[in-house]
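Visitor: Please take me through one part of this model slowly, namely the packing in its interior, and give the cut-off behind each term as you use it.

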Amino acid sequence: MKRTCLLLAGTLVVVSGCGLTSGSPMVDDVSPGTIGKGEPLKGAHLTVTSKEFTEQLILGAMMGIAFEAAGADVLDRTAIQGSIGAREAVKSGDADGMYEYTGTAWITYLGNSKPITDPMKQWQAVRDADLKNGLTWLPPSALNNTYALAMNQANFKKYGTKTLSEVAALAKKDPGAVTLCVESEFANRADGLPGMEKAYGMSLPAKNITQMDTGIIYTQVKKGSCTYGEVFTTDGRIKSMNLAVMADDKKFFPNYNAAPEINTKALKKWPAIAKVLDPVTKKLNNTVARTLNAKVDVDGEDPHQVALDWMKAEGLVK
């Protein structure tokens with residue numbers, strides 16, 4: 001993990017293997033809605049963190065705003081480059097919590113090679129394994145930011161595939177019809193294209209596969225330059241470009257359900273954290289994520305404001 005300095009809203013945030021050294025206070029004018037009644041976190045000084053991409057910035061803001069509504073003073077240490085820095089901050093106590101993904105923890109942090117297909121069993125396995133690391137996982141959301149293949153509406157009308165099994169059948173029936181745009185990492189990972197081909201009985205010729213950067217994939221799929229493109233299931237561009245996502249009917253791809261990952265010592269000191277976050281987590285799903293992510297990535301809105309507007313609209317805070 002490289003040491004990185006990020007200048008965020010005038011605040012210097014230093015990232016190292018042991019976490020963070022500074023941040024900026026959250027100063028939202030919020031009060032309890034359906035969460036935070038009685039201000040059970042009054043007197044608490046809590047720090048939230050996140051990774052640096054859009055969805056994580058939104059989720060980090062949601063956690064911080066929820067804590068504020070419950071009476072806590074909150075320090076914002078979101079937007080940490082890479083996955084490891086944010087996790088290490090929570091682990092060390094430099095931060096008190098973040099929203100993390102079950103699949104990332106199970107495979108990347110805990111070193112397992114085979115994902116667990118049942119989402120709740122995957123979360124339970126991560127929860128149990130991480131207790132010894134001083135981390136407590138609260139119940140997960142339905143938001144599952146995993147891999148998928150997607151196509152534009154013209155190709156969807158032409159080929160009519162809705163599942164990866166149907167894509168595999170199309171590849172056998174009409175090999176030239178199935179062309180893919182993918183990232184180089186996805187093209188080579190066991191939980192990416194090679195594993196997907198094996199699981200679904202596909203054997204695509206190399207000439208049908210084009211590797212490119214993530215952002216370009218979406219535009220190429222929209223234009224129809226490739227029939228299918230690798231996407232992330234909660235990306236806002238799926239909604240804005242009206243792409244059709246293929247269902248992973250054999251449950252090959254790992255579950256990446258977002259769930260609060262909390263420093264165990266902080267949770268023991270402030271057990272109300274669980275009750276405060278639970279209603280927020282229960283409202284998160286892929287439709288919500290795509291809508292909110294699009295507000296940032298497509299419309300150019302601020303991630304923190306997007307989170308705040310949504311929480312107010314849902315009545316979580318006032």
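Guide: What follows goes from one helix contact to the core around it, and then to another helix, another core and some loop residues.

The model is a predicted one, in which local features need pLDDT of at least 70 and side-chain atom pairs count only at pLDDT 80 or more, whereas totals for chains, interfaces and linings use all residues. Residues are numbered from 1 along each chain as its sequence is written, and side-chain values use heavy atoms, with hydrogens and water left out.

Helices (H or I, at least four residues) and strands (E, at least two) are DSSP runs numbered from the N terminus. Helix 1 (residues 54–69) packs against helix 14 (residues 303–313) at an angle of about 55°, and their axes are 8 Å apart; axes here are lines fitted to C-alpha atoms, for helices over the stretch in contact, and angles run from 0 to 180 degrees between N-to-C directions. The two helices, helix 1 and helix 14, are therefore oblique to each other, given that angles under 35 degrees count as roughly parallel, over 145 as roughly antiparallel, 65 to 115 as roughly perpendicular and the rest as oblique. Helix 1 passes helix 14 in a right-handed crossing, a crossing being right-handed if the near helix is turned clockwise from the far one by less than a right angle, and left-handed if anticlockwise. On the helix 1 side the contact (heavy atoms within 4.5 Å) involves Leu57, Ile58, Ala61, Met62, Ile65 and Ala66, which meet Pro303, His304, Val306, Ala307, Leu308, Trp310 and Met311 of helix 14. The residues of this contact of helix 1 with helix 14 divide into twelve nonpolar, one polar and no charged, where Ala, Val, Leu, Ile, Met, Phe, Trp, Tyr, Cys and Pro count as nonpolar, Asp, Glu, Lys and Arg as charged, and the others, Gly among them, as polar.

Met62 and Met311 return in the largest nonpolar core, which has 44 residues and in which Leu41, Met62, Phe67, Ile273 and Met311 have the most contacts. Such a core is a set of buried Ala, Val, Leu, Ile, Met, Phe, Trp, Tyr and Cys residues joined through side-chain atoms within 4.5 Å, with buried meaning under 20% relative accessible area, exposed over 50% and partly exposed in between (1.4 Å probe, protein chains only). The elements that give two or more residues to this core are strand 5 (45–51), helix 1, strand 7 (97–101), strand 14 (258–263), helix 12 (272–282), helix 13 (286–297) and helix 14. Helix 1 gives the most to this core, with nine residues. Isoleucine 273, leaving aside its neighbours within four places in sequence, is in contact with Leu41, Leu46, Phe67, Leu138, Ile262, Ala266 and Leu267.

Apart from this core lies another, of 24 residues, among them Leu149, Met151, Leu164 and Leu170. Leucine 180 in strand 10 (residues 180–182) is 31 residues from leucine 149 in sequence and 8.6 Å from it in space, C-alpha to C-alpha. Leucine 180 counts as buried at 1% relative accessibility, and beyond its neighbours within four places in sequence it is in contact with Leu149, Leu193, Leu204, Asn208, Ile209, Thr210, Cys226 and Tyr228. Cys226 is also one of the contacts of glutamine 220, together with Cys181, Met212 and Ser225, again leaving aside neighbours within four places in sequence; glutamine 220 lies in helix 9 (residues 214–223) and counts as buried at 17% relative accessibility.

Helix 3 (residues 102–109) and helix 4 (residues 119–130) have axes that come within 9 Å and cross at roughly 55°, which makes helix 3 oblique to helix 4, and helix 3 passes helix 4 in a left-handed crossing. Thr102, Ala105 and Trp106 of helix 3 and Gln122, Trp123, Ala125 and Val126 of helix 4 make the contact. Six of the eight residues of helix 3 are buried, so helix 3 is largely enclosed by the rest of the structure. The cover over its buried residues includes strand 5, helix 2 (83–92), strand 7, helix 4 and strand 8 (135–137).

Two loop residues complete the picture. Asparagine 242, in the loop between helix 10 (236–240) and strand 13 (244–245), has a positive phi near 55° and is partly exposed at 47% relative accessible area. Lysine 251, in the loop between strand 13 and strand 14, also has a positive phi near 55°, and is exposed at 54% relative accessible area.
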